[in-house]
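Me: I should like a close look at a single part of this protein, set in the context of its surroundings. Please give one connected account.

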Amino acid sequence: MPNTTNVASASFDGSVRVWDYTTGNRIATIPMDGEAFSVAFSPDGRRLFIGSRRSITVVSTTTWSTETVKVVTTGPVYDIDMAANGTVIAVAEGTTATIRNASTLEVSATLESGGRSGEIYSIALNNAATRVATGGTDYIVATFNAATGTQIGTAQAVIAPILGLDYSPDGTG
């Protein structure tokens with residue numbers, strides 16, 4: 001986020017809090033429709049995307065007011081990752097993973113998991129927003145083509161659920 005000192009936290013108490021990390025002062029509290037699981041700022045810092053039990057909410061960081069709410073029927077929004085160019089978001093929605101238009105929140109691709117099962121807790125886009133990685137309760141990291149949703153590969157990464165993922169910013173992922 002350019003020229004900002006904001007950090008956002010999502011909480012099980014049903015709120016998102018935004019802090020100025022240089023002063024420690026809270027600058028906004030945003031009530032949600034249930035537990036808040038994930039937050040992602042747009043690259044320009046003008047919007048905050050929030051994943052909760054039932055929805056994706058977009059908040060203006062100028063007024064801290066809600067711009068858009070998109071109800072998600074496939075499960076809690078455990079994770080959101082914003083493309084570096086700001087055009088799409090990758091969303092871990094219960095047992096489904098999607099790529100959504102960042103402006104309209106409409107699904108542009110559903111990631112086809114090839115029979116995998118369980119909750120998807122984490123999702124990550126590479127810098128070019130061409131590949132997506134997911135992980136969750138099935139202990140598998142899977143990679144996908146972000147445009148088509150086609151699975152590229154899998155790796156049995158761990159012996160426990162995968163809670164977080166990120167691509168290296170150096171372009172190797």
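The request and the reply to it follow.

Me: Please examine the sheet that has the strand order 8-9-10-11. How are its strands paired, and which residues stand opposite each other? Please then relate this sheet to the nonpolar cores and the aromatic pairs.

Reply: The model is a predicted one, and the account begins with the sheet itself. Four strands make up this open sheet, in the order 8-9-10-11, with antiparallel pairing. Strand 8 and strand 11 are the edge strands; each has a single partner strand, so one side of each is left without a neighbour in the sheet. On average, neighbouring strands are turned by 25° against each other, direction ignored.

The pairing can be followed from one edge to the other. Strand 8 (residues 77-82) runs antiparallel to strand 9, and five bridges join the two. Within this pairing, Asp81 has Ala90 of strand 9 as its bridge partner. Between strand 9 and strand 10 there are six bridges, and these strands also run antiparallel. Here Ala90 stands opposite Ile99 in strand 10. Strand 10 is joined in turn to strand 11 (residues 107-110) by three bridges in the antiparallel sense, with Ile99 opposite Ala109 of strand 11. A path across the sheet can thus be traced through named residues: Asp81 is the partner of Ala90, Ala90 faces Ile99, and Ile99 faces Ala109.

Two of these connections are hairpins. Strand 9 and strand 10 form a hairpin with two residues between them, and Gly94 in the turn has a positive phi of about 65°. Strand 10 and strand 11 form a hairpin with five residues between them; in that turn Leu105 has a positive phi of about 65°.

Burial is the next point. Strand 10 is mostly covered, since five of its six residues are buried. Ala90 and Ile99, which oppose each other in the pairing of strand 9 with strand 10, also belong to the largest nonpolar core. That core has 16 residues, and those with the most contacts inside it are Val88, Ala90, Ile99, Leu111, Ile123, Leu125 and Val132. Strand 9 (88-93), strand 10 (96-101), strand 12 (120-125) and strand 14 (140-145) each supply at least two residues of this core. Another core, of twelve residues, lies apart from it and includes Ile56, Val72, Val77 and Ile89.

The core thereby draws in strands of a second sheet. This second one is an open sheet of four strands in the order 12-13-14-15, with antiparallel pairing. Its edges are strand 12 and strand 15 (151-156); each has a single partner strand, so one side of each is left without a neighbour in the sheet. Its neighbouring strands are turned by 20° against each other on average, direction ignored. Strand 14 and strand 15 run antiparallel and are joined by five bridges, and Ala142 stands opposite Thr154 in strand 15.

A polar residue can be placed beside this second sheet. Asp138 is found in the loop between strand 13 (131-136) and strand 14, and it is buried, with a relative accessible area of 17%. The side chain of Asp138 reaches the backbone nitrogen of Ile140 at 3.1 Å. Leaving aside neighbours within four places in sequence, Asp138 is in contact with Arg116, Ser117 and Gln156.

Returning to strand 8, one finds a link to the aromatic residues. The structure holds three aromatic pairs. In one of them, the rings of Phe12 and Phe37 have their centres 5.5 Å apart and their planes at 85°, so the pair is edge-to-face. Phe12 lies in the loop between strand 1 (6-10) and strand 2 (15-20), whereas Phe37 lies in strand 4 (residues 36-41); the two are 25 residues apart. Another pair is formed by Phe37 and Tyr78, with ring centres 5.1 Å apart and planes at 70°, so this pair is edge-to-face as well. Because Phe37 lies in strand 4 and Tyr78 in strand 8, the pair ties together parts that are 41 residues apart in sequence. Phe37 and Tyr78 are both buried, whereas Phe12, at 61% relative accessibility, counts as exposed. Phe12, Phe37, Tyr78 and Tyr121 form one aromatic cluster.

Definitions and conventions. Residues numbered from 1 in each chain as written. Predicted model: local features only at pLDDT ≥ 70, side-chain atom pairs only at ≥ 80, totals over all residues. Heavy atoms only, no water. Core = buried A, V, L, I, M, F, W, Y, C linked by side-chain atoms within 4.5 Å. Buried < 20%, exposed > 50% of the residue type's maximum accessible area, 1.4 Å probe, protein only. Pairing = 2+ DSSP bridges. Axes fitted to C-alpha atoms, helices over the stretch in contact; angles between N-to-C directions. Phe/Tyr/Trp six-rings, centres within 6.5 Å; stacked < 30°, edge-to-face > 60°. Polar contact = N/O pair within 3.5 Å; in protein donor to acceptor, adjacent residues only side chain to side chain. Contact = heavy atoms within 4.5 Å.
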